[in-house]
Amino acid sequence: MPIDVRAPRPEALALANDIIRVTRYQLGREHPQFCSPYDAFRAVALALRTPLVDRLVETQRRFTTAGAKRIYYLSAEFLIGQSLRHNLLNLGMLDVALEATRIIGIDLEAALEAEPDAALGNGGLGRLAACFLDSMATLGMPGFGFGINYQFGLFRQVIHHGAQREQPDHWNADQNPWLIERHDQAVIVPIYGSIVHTSDRRGQYNPMWLDWKVIIGVPVDMPVVGDGGRTVNYLRLYSARASDEFDMQIFNSGDYIRAVEQKIQSEAVSKVLYPSDSVASGRELRLTQEYFMVACALRDIWRRYREEHSDFSRFADKVAIQLNDTHPALAIAELMRLLVDEENLEWDQAWEITQATCGYTNHTLLPEALEKWPVSLMQRVLPRHLQIIYEVNARFLDAVRRRWPSDSGRVARMSLIEEDGEPRVRMANLAIVGSHSVNGVAALHSELVRTTLVPDFFEMFPERFNNKTNGVTHRRWLLHANPGLCELISAHIGESWKADPLKLRAFGRYADDPAAQQVFRQIKRVNKGALAKVIESATGVTPDLDSLFDVQVKRIHEYKRQLLNVMHVIHLYLEAIEDRRLPEVPRTVVIAGKAAPGYVMAKLIIRLVHGVASLVNNDPRLENRLKLVFIPDYRVSLAEIIMPAADLSEQISTAGTEASGTGNMKLAMNGALTIGTLDGANIEIRDEVGAENIYIFGLTVGEVAALRPTYDPWHYYHRSPAVRRVVDAIGGNLFCPRLPGLFRPIHDGLLYGGDRYFHLADLEAFIEMQARAARDFTEPARWTAAAIRNVANVGRFSSDRTVREYARDIWHVHAVGEHPPEVLS
């Protein structure tokens with residue numbers, strides 16, 4: 001079929017021809033015109049690999065020539081989302097691609113939407129890691145992610161009769177076009193086996209790790225394009241393979257099942273993210289995953305360093321390893337094993353290198369969320385690493401005892417081994433002891449890490465502890481997700497804010513301008529229309545575009561208090577039906593998020609959301625003034641539709657439980673007003689946008705701590721008729737008429753289980769603040785002015801700023817070539 005050429009730009013014509021060639025010779029289709037949107041996506045992405053790989057190779061050459069120090073960001077999650085639009089934007093090729101696809105007669109927008117999200121993460125931890133990779137590339141830093149190439153990701157969430165069901169997410173079924181295979185750089189990962197206690201020729205103790213099994217780690221690289229395309233780094237992901245496809249001798253003897261057993265067991269390591277740890281086999285697989293990730297990463301780092309250096313004296317000058325939470329904490333033990341066992345370094349020298357190389361980011365204040373592995377399990381799976389951890393612990397506790405000679409309680413708290421009950425290895429303690437930097441991810445969070453989570457370690461190593469408030473990449477969450485708003489901003493203040501989001505502050509001058517407000521509201525309405533289509537398709541509910549879009553999207557967890565949100569909806573419903581007071585403004589409450597497969601209470605909360613929604617959405621007495629919807633299978637591409645459409649952002653975790661949050665930043669960046677507690681980064685958002693442009697309610701961290709020893713939820717139940725009515729409704733069968741008693745565990749947890757997350761203590765204040773937000777929403781000029789001030793004053797929460805701080809204070813790296821020195825200022 002001839003190409004329709006009407007004076008196209010040469011680069012568009014070249015891309016069009018590349019797409020045609022890829023379609024025919026790689027996809028086996030006659031012409032792109034006959035491709036499905038999914039195949040069209042693959043064709044455009046594969047055609048784009050040529051400039052991507054060229055710039056990737058050039059970037060690596062530039063880093064190598066400069067002898068640059070490299071950052072290796074180790075994370076169990078990288079929530080990348082879709083990449084085609086983002087890569088085209090960062091390469092400056094979106095207009096070229098639009099022209100090229102018009103020439104050959106395919107719908108680029110349909111192709112963009114057909115791309116499956118890369119299912120390599122779950123929540124904020126993985127999305128933060130993805131934002132950091134984007135910022136490091138944009139800032140010209142040699143920064144690389146290392147993780148696992150999960151075949152099925154976390155899971156695809158479907159809702160069946162109101163209940164979450166988990167299905168495999170076949171995101172990579174047809175070989176994702178972004179993944180570049182590196183079979184020549186596969187690594188050998190030893191596991192299991194035993195320790196033989198021997199001595200070397202000098203008579204010194206020389207343990208030998210023998211009889212181990214082998215897993216092969218096969219890497220693929222996903223290019224990470226910085227803004228402007230000057231730097232292309234990569235995310236390296238490893239798939240687990242058996243050491244041999246199967247034992248042919250066993251196969252030929254007729255035992256076909258046992259022949260492939262090793263292959264199946266080995267490859268299970270990279271099947272899914274976070275296998276359930278409710279059973280022993282799941283715990284073993286999860287520990288194996290974490291070790292596999294760090295063993296592959298460290299072997300690759302070691303190989304690259306060895307290509308350019310003859311000894312390890314400069315290792316920490318050339319390598320920075322950042323541990324994103326405790327999942328990669330075994331990197332401490334693995335690096336020590338490589339240096340001591342394979343490089344024959346003395347222990348003290350190896351330990352000095354390890355500490356100088358590694359940094360640890362803490363992401364949780366919940367003690368139960370700090371990983372602890374049974375010693376018996378680690379002894380079976382990683383005997384040499386356990387031996388190294390015990391040696392680290394013995395030397396460390398000697399130092400603790402020298403400083404506090406009579407404080408056995410402190411020694412027990414700081415030990416890397418928890419001795420109460422079954423002995424367990426405390427991975428957070430290992431990460432702290434083995435790193436030169438320990439950072440929290442919001443000012444409040446970092447303070448609580450120092451004062452309540454690990455105060456003993458802070459007292460011993462005060463210089464290690466620091467704060468690095470999280471950020472999000474405004475390129476994806478504003479430029480990519482909300483182009484209409486970007487056009488409005490640029491029309492008023494120019495385009496320099498795109499490179500320096502702090503310059504968004506100038507947009508605040510137009511907060512009270514009627515013309516700017518009108519256009520802002522029009523853009524918001526268009527965005528709400530896009531979300532309404534998604535809601536109707538997913539739930540059958542048709543939202544009122546003039547209603548207040550009240551949004552809570554995040555992982556389902558009790559401390560994040562989706563239950564508090566639902567309790568407010570119940571209050572509004574009962575107030576309308578029993579008290580005959582309809583909501584002051586129409587409201588559409590949007591909830592989305594996944595519950596861990598084994599988290600029974602979180603999954604029951606999802607059922608409650610659907611039970612309440614079934615009643616609320618079908619009661620004509622509400623006159624369509626209240627809707628509640630749960631959008632299934634929350635993911636990055638869905639978030640990119642939700643964030644620009646939100647009016648109100650629910651950030652309502654119990655004070656002192658949320659490390660930072662990043663959804664709060666994305667929503668504020670898109671003009672949603674926050675209703676939240678003084679928790680995580682909400683405090684810093686309030687400080688930036690102004691207390692008058694945010695809705696803060698509830699107990700503070702200090703008040704929670706003071707109340708906890710004597711907290712009695714019955715006090716609030718008896719004191720407040722509104723609270724009592726909501727709790728009674730949950731305990732009854734109003735929302736589960738066909739399954740009586742279904743929600744009784746939630747009711748009993750609130751009243752008899754101690755209400756651990758203070759729902760009843762905060763409910764009245766939440767209801768009052770929600771009423772204030774509703775009143776403000778009835779004044780469009782006032783609401784829009786506050787929304788514009790939110791957009792204008794959250795530039796500080798760009799991940800570019802966060803990464804600059806890591807580079808300056810922890811990694812000690814700088815931009816390499818083609819980027820001005822002031823890029824880190």
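# A tour of helix packing and two open sheets

Begin by selecting helices H22 and H31 in this predicted model, where Leu563, Leu564, Asn565, Met567, His568 and His571 of H22 meet His759, Leu760, Leu763, Phe766, Ile767 and Gln770 of H31. Sorted by class, this contact of H22 with H31 holds seven nonpolar and five polar residues, with no charged residues. Looking along the pair, you will find that the two helices pack at an angle of about 55 degrees and that their axes lie 10 Å apart, which makes H22 oblique to H31. The crossing of H22 and H31 is right-handed.

Keep both helices displayed and add helix H29, residues 721–731, in which Val723, Val726, Val727, Ala729, Ile730 and Gly731 are buried. What do the buried residues of H29 pack against? Their partners are helix H22 (562–578), helix H23 (600–616), helix H28 (713–719), helix H30 (744–751) and helix H31 (759–777), so the two helices of the opening stop are both among them.

From H23, turn to the sheet beside it. Select the six strands of the open sheet, whose order is S20-S19-S18-S21-S22-S23 and whose pairing is parallel. Strand S20 (626–630) and strand S23 (695–696) are at the edges of this sheet, and because each has a single partner strand, one side of each is left without a neighbour there. Helix H23 packs on the sheet, where it touches strand S19 (587–592) and S20, and the direction of H23 makes about 145 degrees with that of S20. Within the sheet, zoom in on strand S18 (residues 548–553) and strand S21 (residues 648–651), which pair in the parallel sense over two bridges; at one position to label, Asp550 has Leu648 in S21 as its bridge partner.

Next, select helix H21 (residues 514–539) together with helix H24 (residues 636–645), which pack at an angle of about 140 degrees with their axes 8 Å apart. That angle makes H21 oblique to H24, and the crossing of the two is left-handed. To see the contact itself, show the side chains of Lys524, Asn527, Lys528, Ala530, Leu531 and Val534 in H21, which meet Leu638, Ile641, Ile642, Pro644 and Ala645 in H24. By class, the contact of H21 with H24 comprises eight nonpolar residues, one polar residue and two charged residues.

Now move to the other sheet on this tour, an open one in which three strands run in the order S13-S15-S14 with antiparallel pairing. Strand S13 (372–374) and strand S14 (417–418) stand at its edges, each with a single partner strand, so that one side of each has no neighbour in the sheet. S13 pairs with strand S15 (residues 424–426) in the antiparallel sense over three bridges, and labelling Lys372 will show that this residue stands opposite Arg426 in S15.

For the last stop, select Glu371, which is placed in the loop between strand S12 (358–361) and S13. Is Glu371 buried or exposed? Its relative accessible area is 11%, so Glu371 is buried. Setting aside residues up to four places away in sequence, Glu371 touches Glu290, Thr326, His327, Val425, Arg426, Met427 and Ala428; among these is Arg426, the residue already seen opposite Lys372. To finish, draw a distance between the C-alpha atoms of Glu371 and Glu391, two residues that are 20 residues apart along the chain and whose C-alpha atoms are separated by 20 Å.

Conventions
Residues are numbered from 1 along each chain as its sequence is written. This is a predicted model: local features need pLDDT of at least 70, side-chain atom pairs count only at pLDDT 80 or more; totals for chains, interfaces and linings use all residues. Side-chain values use heavy atoms; hydrogens and water are left out. Two strands pair if DSSP finds at least two bridges between them. Helices (H or I, at least four residues) and strands (E, at least two) are DSSP runs, numbered from the N terminus. Buried means under 20% relative accessible area, exposed over 50%, partly exposed in between (1.4 Å probe, protein chains only). Contact means heavy atoms within 4.5 Å. Axes are lines fitted to C-alpha atoms, for helices over the stretch in contact, and angles run from 0 to 180 degrees between N-to-C directions. Angles under 35 degrees count as roughly parallel, over 145 as roughly antiparallel, 65 to 115 as roughly perpendicular and the rest as oblique. A crossing is left-handed if the near helix is turned anticlockwise from the far one by less than a right angle, and right-handed if clockwise. Ala, Val, Leu, Ile, Met, Phe, Trp, Tyr, Cys and Pro count as nonpolar, Asp, Glu, Lys and Arg as charged, and the others, Gly among them, as polar.
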